[in-house]
Amino acid sequence: MNCLLLLGSPRKNGNTETLAGRVAGVVEKNGGHVESVRLCELDIAPCIDCGECRKNGRCVIDDDMQELYSKIDKANTIIIASPIYFYGVTAQTKVFIDRTQALWSRKYLLKKRIETIGGPERKGYFLSVAATSGEKCFDGAILTARYCFDAMDVAWGGELVIPGIDHMGAFAKNPSALAKAEDFGEGLLYFGRHN
Ligand SMILES: Cc1cc2nc3c(=O)[nH]c(=O)nc-3n(C[C@H](O)[C@H](O)[C@H](O)COP(=O)(O)O)c2cc1C
């Protein structure tokens, strides 16, 4: 498994990173490769709807997203991990997601599917935590992540979202949350063995 893990929290070593680290740890322990990228450390400008990507599926903004486009195409598993900010993903995650519009253009306007450009069948997963436990707390973020994976030409694999996690270190002190993360990692490996 060649997994690209996109970390969307600006809080380094925070709850989302602990969750994602547990999932990644299981994958790596079983021979998978995980490349983690902290979105907050990259220079990624917002999409400006210039329309250039409609011509060839490529974004003309020359920043760190260019390297991510090639990492996205090479990975067979992609994980987006973001805490909930105002019922959505963080700004850092959303800036990244909006820039996948170039991949949407490639897929839907230019009809270039990932198979036609040499990519394997891939799956995408979403990981999240939130302070509260409201019924719809994760709905917006999950929908956004699903559409982003669709633009990347990555099939939706599922989500692990854990409510009631707020203060720095809360996830690491929650045995049930840690166990859920490890189970989720095992689930990814199950997919990896069959594809
Ligand atoms: C700007 C901001 C907005 C937030 N909005 C929500 C929210 O809408 N719902 C919620 O349950 N928690 C919200 N939270 C709490 C975070 O989701 C929570 O603290 C989470 O554990 C942070 O994860 P991290 O350590 O990975 O950054 C918000 C936190 C911040 C800083």
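Begin by selecting strands β1 and β2 in this predicted model. The two strands run parallel and are joined by 6 bridges. Within this pair, display Leu-5, which stands opposite Ser-36 of β2. Next, follow the chain from β1 through helix α1, residues 15–29, and on to β2. This β-α-β crossover is right-handed.

Now keep β1 selected and add β3. Strand β1 covers residues 2–7 and strand β3 covers residues 77–81. Their pairing is again parallel, as with β1 and β2, and it extends over 5 bridges. Here the residue to display is Leu-7, whose opposite number in β3 is Ala-81. With both partners of β1 in view, consider its surroundings: is the strand enclosed or not? Of the 6 residues of β1, 5 are buried, so the strand is largely enclosed by the rest of the structure.

Widen the selection to the whole sheet. In general, the strands of a sheet pair through backbone hydrogen bonds, in either a parallel or an antiparallel arrangement. In this model, 5 strands form an open sheet with parallel pairing, in the order β2-β1-β3-β4-β5. Which strands stand at the edges? They are β2, residues 33–38, and β5, residues 155–162. Each has a single partner strand, so one side of each is left without a neighbour in the sheet. Direction ignored, neighbouring strands of this sheet are turned by 15° against each other on average.

From the edge strand β5, step back along the chain into the loop that lies between α6, residues 139–151, and β5. Select Asp-153, which is found in this loop. Is Asp-153 buried or exposed? Asp-153 is buried, because 23 other C-beta atoms lie within 10 Å, where 20 or more suffice for that description. To see part of what surrounds Asp-153, display Leu-103, Lys-107, Arg-113 and Ile-114; these are its contacts once neighbours within four places in sequence are left aside. Add Gly-119 as well: this residue is 34 residues from Asp-153 along the chain, and the C-alpha atoms of the two are separated by 9.5 Å.

Finally, select the ligand and the residues around it. How many residues surround the ligand? There are 17, and the closest are Gly-14, Thr-16, Pro-83, Ala-130 and Thr-132. Colouring this shell by residue character shows 10 nonpolar, 5 polar and 2 charged residues.

How values were computed: Residues are numbered from 1 along each chain as its sequence is written. This is a predicted model: local features need pLDDT of at least 70, side-chain atom pairs count only at pLDDT 80 or more; totals for chains, interfaces and linings use all residues. Two strands pair if DSSP finds at least two bridges between them. Helices (H or I, at least four residues) and strands (E, at least two) are DSSP runs, numbered from the N terminus. Axes are lines fitted to C-alpha atoms, for helices over the stretch in contact, and angles run from 0 to 180 degrees between N-to-C directions. A residue is near a molecule or strand if its C-beta atom, placed from the backbone, lies within 6 Å of it. Ala, Val, Leu, Ile, Met, Phe, Trp, Tyr, Cys and Pro count as nonpolar, Asp, Glu, Lys and Arg as charged, and the others, Gly among them, as polar. A residue is buried if 20 or more other C-beta atoms lie within 10 Å of its own, exposed if 12 or fewer, and partly exposed in between; C-beta atoms are placed from the backbone. A crossover is right-handed if, with the strands pointing away from the viewer, the path from the first strand over the helix to the second runs clockwise. Two residues are in contact if their C-beta atoms, placed from the backbone, lie within 7 Å.
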